[in-house]
Amino acid sequence: MTSVEPTMRIYSGPLSMFGAKAEIAAREKGLNFELIMVPFVSDYEPKHPEVVRINPKQQVPVLVHGDLEIFDSTQIFEYLEDLKPVPALWPSGPAARAWARILELKSDEVFCAHYPADEFAKEPGCSCRRRSEASCLAYYREMEAILSDRRFLAGSFSSADIAFYMAQLFAERMGAPLDATTPALLRWRDAMSARPAVRSVVRPMVKFLYSSKRPVPDFLADLAGDAAASREGQRPV
Ligand SMILES: N[C@@H](CCC(=O)N[C@@H](CS)C(=O)NCC(=O)O)C(=O)O
(Lines give C-alpha, C1' and ligand atoms only; values in the text may rest on other atoms or scores of the structure.)
Protein backbone atom coordinates (compact mmCIF):
# COMPACT_ATOMS: atom_id res chain seq x y z
CA MET A 1 0.00 0.00 0.00
CA THR A 2 1.34 3.45 -0.86
CA SER A 3 1.52 5.91 2.02
CA VAL A 4 -0.36 9.16 1.43
CA GLU A 5 0.94 10.76 4.64
CA PRO A 6 2.83 13.98 3.92
CA THR A 7 6.42 14.06 5.14
CA MET A 8 6.85 16.11 8.29
CA ARG A 9 9.78 18.52 8.16
CA ILE A 10 11.49 20.08 11.17
CA TYR A 11 13.84 23.01 10.62
CA SER A 12 16.38 23.26 13.39
CA GLY A 13 19.95 24.43 13.93
CA PRO A 14 23.07 22.57 15.03
CA LEU A 15 23.15 24.44 18.35
CA SER A 16 19.45 25.13 18.76
CA MET A 17 18.20 24.02 22.16
CA PHE A 18 14.65 24.89 21.11
CA GLY A 19 15.01 22.90 17.89
CA ALA A 20 16.40 20.01 19.92
CA LYS A 21 13.28 20.10 22.13
CA ALA A 22 11.02 19.66 19.09
CA GLU A 23 13.20 16.94 17.63
CA ILE A 24 13.41 14.96 20.88
CA ALA A 25 9.61 15.08 21.24
CA ALA A 26 9.12 13.83 17.66
CA ARG A 27 11.59 11.00 18.27
CA GLU A 28 10.05 10.07 21.64
CA LYS A 29 6.75 9.69 19.82
CA GLY A 30 8.31 7.58 17.08
CA LEU A 31 7.26 10.01 14.35
CA ASN A 32 8.98 10.04 10.97
CA PHE A 33 10.29 13.40 9.90
CA GLU A 34 12.91 15.03 7.77
CA LEU A 35 15.35 17.20 9.70
CA ILE A 36 16.65 20.31 7.96
CA MET A 37 19.57 21.99 9.69
CA VAL A 38 19.75 25.72 8.91
CA PRO A 39 23.20 27.31 8.53
CA PHE A 40 24.87 28.36 11.76
CA VAL A 41 28.40 29.67 12.14
CA SER A 42 28.50 32.26 14.90
CA ASP A 43 24.84 33.13 14.45
CA TYR A 44 21.85 32.14 12.30
CA GLU A 45 22.79 34.19 9.23
CA PRO A 46 21.95 33.83 6.45
CA LYS A 47 18.45 32.81 7.53
CA HIS A 48 16.90 29.83 5.81
CA PRO A 49 14.26 31.15 3.35
CA GLU A 50 11.59 28.74 4.65
CA VAL A 51 12.21 29.87 8.23
CA VAL A 52 11.90 33.52 7.17
CA ARG A 53 8.72 32.80 5.21
CA ILE A 54 7.00 30.80 7.97
CA ASN A 55 8.16 32.37 11.23
CA PRO A 56 7.81 36.16 11.58
CA LYS A 57 10.41 35.88 14.37
CA GLN A 58 12.76 34.20 11.87
CA GLN A 59 13.75 31.57 14.39
CA VAL A 60 13.99 27.81 14.47
CA PRO A 61 12.34 25.44 15.14
CA VAL A 62 9.76 25.48 12.38
CA LEU A 63 7.57 22.50 11.54
CA VAL A 64 5.89 21.82 8.21
CA HIS A 65 3.41 18.97 7.84
CA GLY A 66 1.29 19.01 4.70
CA ASP A 67 -0.49 22.36 4.67
CA LEU A 68 0.38 23.06 8.28
CA GLU A 69 3.30 25.43 8.94
CA ILE A 70 4.02 26.30 12.56
CA PHE A 71 6.86 27.59 14.70
CA ASP A 72 7.93 27.72 18.36
CA SER A 73 9.02 24.61 20.24
CA THR A 74 6.08 24.76 22.67
CA GLN A 75 3.53 24.98 19.86
CA ILE A 76 5.29 22.07 18.16
CA PHE A 77 5.04 20.02 21.39
CA GLU A 78 1.29 20.65 21.40
CA TYR A 79 0.83 19.68 17.76
CA LEU A 80 2.83 16.47 18.14
CA GLU A 81 0.82 15.53 21.24
CA ASP A 82 -2.46 15.99 19.35
CA LEU A 83 -1.13 14.21 16.29
CA LYS A 84 0.10 11.17 18.21
CA PRO A 85 -1.23 11.12 21.77
CA VAL A 86 0.61 7.89 22.68
CA PRO A 87 3.20 7.89 24.13
CA ALA A 88 1.93 10.96 25.97
CA LEU A 89 4.38 13.77 26.60
CA TRP A 90 2.06 15.58 28.98
CA PRO A 91 0.71 13.92 32.15
CA SER A 92 -2.99 13.09 32.38
CA GLY A 93 -5.53 15.33 34.09
CA PRO A 94 -6.06 19.08 33.64
CA ALA A 95 -4.19 20.18 36.77
CA ALA A 96 -1.19 17.91 36.17
CA ARG A 97 -0.99 19.03 32.54
CA ALA A 98 -1.27 22.70 33.45
CA TRP A 99 1.51 22.29 36.04
CA ALA A 100 3.73 20.49 33.51
CA ARG A 101 3.14 23.27 30.97
CA ILE A 102 4.11 25.88 33.55
CA LEU A 103 7.32 23.98 34.27
CA GLU A 104 8.08 23.95 30.56
CA LEU A 105 7.37 27.68 30.25
CA LYS A 106 9.51 28.47 33.30
CA SER A 107 12.35 26.45 31.88
CA ASP A 108 12.27 28.33 28.55
CA GLU A 109 11.46 31.81 29.78
CA VAL A 110 12.58 32.08 33.40
CA PHE A 111 15.54 29.73 33.74
CA CYS A 112 16.97 30.55 30.30
CA ALA A 113 16.80 34.26 31.09
CA HIS A 114 19.30 33.64 33.90
CA TYR A 115 22.21 32.82 31.64
CA PRO A 116 22.51 35.20 28.71
CA ALA A 117 25.61 34.13 26.81
CA ASP A 118 27.22 37.55 26.94
CA GLU A 119 27.00 37.63 30.73
CA PHE A 120 28.70 34.28 31.10
CA ALA A 121 31.35 35.30 28.62
CA LYS A 122 32.49 37.98 31.04
CA GLU A 123 35.30 37.41 33.49
CA PRO A 124 34.66 34.81 36.21
CA GLY A 125 33.86 36.70 39.39
CA CYS A 126 32.27 39.75 37.75
CA SER A 127 29.07 40.77 39.47
CA CYS A 128 26.65 40.01 36.60
CA ARG A 129 28.17 36.57 36.16
CA ARG A 130 27.87 35.89 39.89
CA ARG A 131 24.21 36.98 39.74
CA SER A 132 23.53 34.62 36.82
CA GLU A 133 25.24 31.73 38.58
CA ALA A 134 23.31 32.39 41.80
CA SER A 135 20.01 32.50 39.88
CA CYS A 136 20.79 29.22 38.11
CA LEU A 137 21.70 27.62 41.44
CA ALA A 138 18.46 28.80 43.03
CA TYR A 139 16.55 27.32 40.10
CA TYR A 140 18.44 24.02 40.41
CA ARG A 141 17.46 23.87 44.09
CA GLU A 142 13.81 24.46 43.17
CA MET A 143 13.94 21.57 40.67
CA GLU A 144 15.79 19.40 43.23
CA ALA A 145 12.92 19.90 45.69
CA ILE A 146 10.38 18.90 43.02
CA LEU A 147 12.37 15.73 42.27
CA SER A 148 12.53 14.69 45.94
CA ASP A 149 9.53 12.36 45.53
CA ARG A 150 9.47 11.64 41.78
CA ARG A 151 11.67 10.57 38.88
CA PHE A 152 10.45 13.21 36.44
CA LEU A 153 9.54 16.85 36.92
CA ALA A 154 5.82 16.49 36.29
CA GLY A 155 5.50 12.92 37.62
CA SER A 156 5.59 10.96 34.37
CA PHE A 157 8.18 11.73 31.68
CA SER A 158 6.98 14.83 29.85
CA SER A 159 7.84 17.77 27.64
CA ALA A 160 8.74 19.64 30.84
CA ASP A 161 11.69 17.25 31.24
CA ILE A 162 12.75 17.68 27.62
CA ALA A 163 12.67 21.47 27.97
CA PHE A 164 14.65 21.62 31.20
CA TYR A 165 17.17 19.02 30.03
CA MET A 166 18.06 21.16 27.02
CA ALA A 167 18.02 24.39 29.04
CA GLN A 168 20.29 22.90 31.73
CA LEU A 169 22.65 21.51 29.11
CA PHE A 170 23.05 25.02 27.71
CA ALA A 171 23.44 26.54 31.17
CA GLU A 172 26.16 23.99 31.89
CA ARG A 173 27.90 25.06 28.68
CA MET A 174 27.67 28.69 29.72
CA GLY A 175 29.21 28.01 33.13
CA ALA A 176 26.41 27.01 35.52
CA PRO A 177 27.10 23.30 36.16
CA LEU A 178 25.15 20.94 38.38
CA ASP A 179 27.06 19.57 41.36
CA ALA A 180 26.65 17.15 44.27
CA THR A 181 24.40 19.59 46.16
CA THR A 182 21.52 18.56 43.85
CA PRO A 183 21.78 14.72 43.75
CA ALA A 184 18.22 14.11 42.56
CA LEU A 185 18.79 16.49 39.66
CA LEU A 186 22.01 14.67 38.76
CA ARG A 187 20.13 11.32 38.77
CA TRP A 188 17.36 12.87 36.67
CA ARG A 189 19.91 14.21 34.17
CA ASP A 190 21.60 10.79 33.91
CA ALA A 191 18.22 9.18 33.21
CA MET A 192 17.46 11.81 30.58
CA SER A 193 20.89 11.45 28.94
CA ALA A 194 20.32 7.68 28.62
CA ARG A 195 17.08 8.01 26.63
CA PRO A 196 17.62 6.94 23.01
CA ALA A 197 15.68 9.93 21.64
CA VAL A 198 17.77 12.34 23.69
CA ARG A 199 21.03 10.67 22.70
CA SER A 200 20.26 10.76 19.01
CA VAL A 201 19.57 14.50 19.17
CA VAL A 202 22.39 15.50 21.51
CA ARG A 203 25.10 13.37 19.84
CA PRO A 204 25.30 15.51 16.65
CA MET A 205 25.15 18.63 18.80
CA VAL A 206 28.15 17.46 20.81
CA LYS A 207 30.01 16.62 17.61
CA PHE A 208 29.26 20.10 16.33
CA LEU A 209 30.60 21.60 19.57
CA TYR A 210 33.83 19.64 19.22
CA SER A 211 34.25 20.36 15.52
CA SER A 212 33.68 24.09 16.06
CA LYS A 213 36.04 24.10 19.09
CA ARG A 214 33.39 25.10 21.57
CA PRO A 215 33.40 23.85 25.18
CA VAL A 216 31.61 20.54 25.78
CA PRO A 217 30.09 19.74 29.17
CA ASP A 218 31.87 16.75 30.73
CA PHE A 219 28.64 14.85 31.27
CA LEU A 220 28.20 14.66 27.47
CA ALA A 221 31.74 13.59 26.59
CA ASP A 222 30.78 9.92 26.07
CA LEU A 223 28.37 10.94 23.31
CA ALA A 224 31.05 12.34 21.07
CA GLY A 225 32.77 9.12 20.00
CA ASP A 226 35.65 9.86 17.66
CA ALA A 227 35.09 13.59 17.92
CA ALA A 228 36.17 13.46 21.59
CA ALA A 229 39.57 12.12 20.59
CA SER A 230 40.28 15.43 18.90
CA ARG A 231 39.32 17.61 21.85
CA GLU A 232 42.86 18.91 22.18
CA GLY A 233 42.79 22.54 23.18
CA GLN A 234 39.11 22.46 24.01
CA ARG A 235 37.92 23.48 27.39
CA PRO A 236 35.49 21.01 28.95
CA VAL A 237 32.95 22.64 31.25
N1 LIG B 1 10.46 30.58 21.90
C2 LIG B 1 11.10 30.04 20.74
C3 LIG B 1 12.57 30.39 20.76
C4 LIG B 1 13.25 30.04 19.44
C5 LIG B 1 14.69 30.51 19.39
O6 LIG B 1 15.15 31.33 20.22
N7 LIG B 1 15.42 30.01 18.39
C8 LIG B 1 16.81 30.39 18.18
C9 LIG B 1 17.68 29.16 18.08
S10 LIG B 1 17.68 28.20 19.55
C11 LIG B 1 16.95 31.13 16.88
O12 LIG B 1 16.41 30.73 15.86
N13 LIG B 1 17.71 32.24 16.90
C14 LIG B 1 18.00 33.01 15.74
C15 LIG B 1 17.48 34.41 15.86
O16 LIG B 1 16.82 34.73 16.87
O17 LIG B 1 17.72 35.17 14.94
C18 LIG B 1 10.87 28.52 20.70
O19 LIG B 1 10.58 27.93 21.74
O20 LIG B 1 10.95 27.94 19.61
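## Terms and basis of the model

In this report, Ala, Val, Leu, Ile, Met, Phe, Trp, Tyr, Cys and Pro count as nonpolar, Asp, Glu, Lys and Arg as charged, and the others, Gly among them, as polar. The model is predicted, so local features need pLDDT of at least 70 and side-chain atom pairs count only at pLDDT 80 or more, while totals for chains, interfaces and linings use all residues. Residues are numbered from 1 along each chain as its sequence is written, and side-chain values use heavy atoms, with hydrogens and water left out.

## The chain

The chain has 10 helices and 4 strands, where helices (H or I, at least four residues) and strands (E, at least two) are DSSP runs numbered from the N terminus. Along the sequence these elements follow the pattern β-α-β-α-β-β-α-α-α-α-α-α-α-α. Of the 237 residues in the chain, 49% are buried; buried means under 20% relative accessible area, exposed over 50%, and partly exposed in between, with a 1.4 Å probe and protein chains only.

## The ligand and its shell

The residues around the ligand, meaning those with a heavy atom within 4 Å of it, are Ser16, Met17, Phe18, Tyr44, Lys47, Gln59, Val60, Pro61, Asp72 and Ser73. By class, this shell divides into 5 nonpolar, 3 polar and 2 charged residues.

Three side chains have polar contacts with the ligand, a polar contact being a pair of N or O atoms within 3.5 Å; within protein, one must be able to donate a hydrogen and the other to accept it, and residues adjacent in sequence count only if both atoms are side-chain atoms. An N or O atom in the side chain of Lys47 is 2.3 Å from an oxygen atom of the ligand, and a polar side-chain atom of Ser73 lies 2.6 Å from a ligand oxygen atom, whereas the polar side-chain atom of Asp72 lies 3.1 Å from a ligand nitrogen atom. Taken alone the ligand exposes 510 Å², and the protein buries 76% of that, with areas from the Shrake-Rupley method and a 1.4 Å probe; for residues, only the protein chains shown count as cover.

## Backbone features in the loops

Most residues other than glycine have a negative phi, and most peptide bonds are trans. A cis peptide bond joins Val60 and Pro61, with omega about 5 degrees, and Pro61 is in the loop between α2 (49-54) and β3 (62-65). Gln58, in the loop between α2 and β3, has a positive phi of about 60 degrees.

Asp72, in the loop between β4 (68-71) and α3, has a positive phi near 85 degrees, and its relative accessible area of 33% makes it partly exposed.
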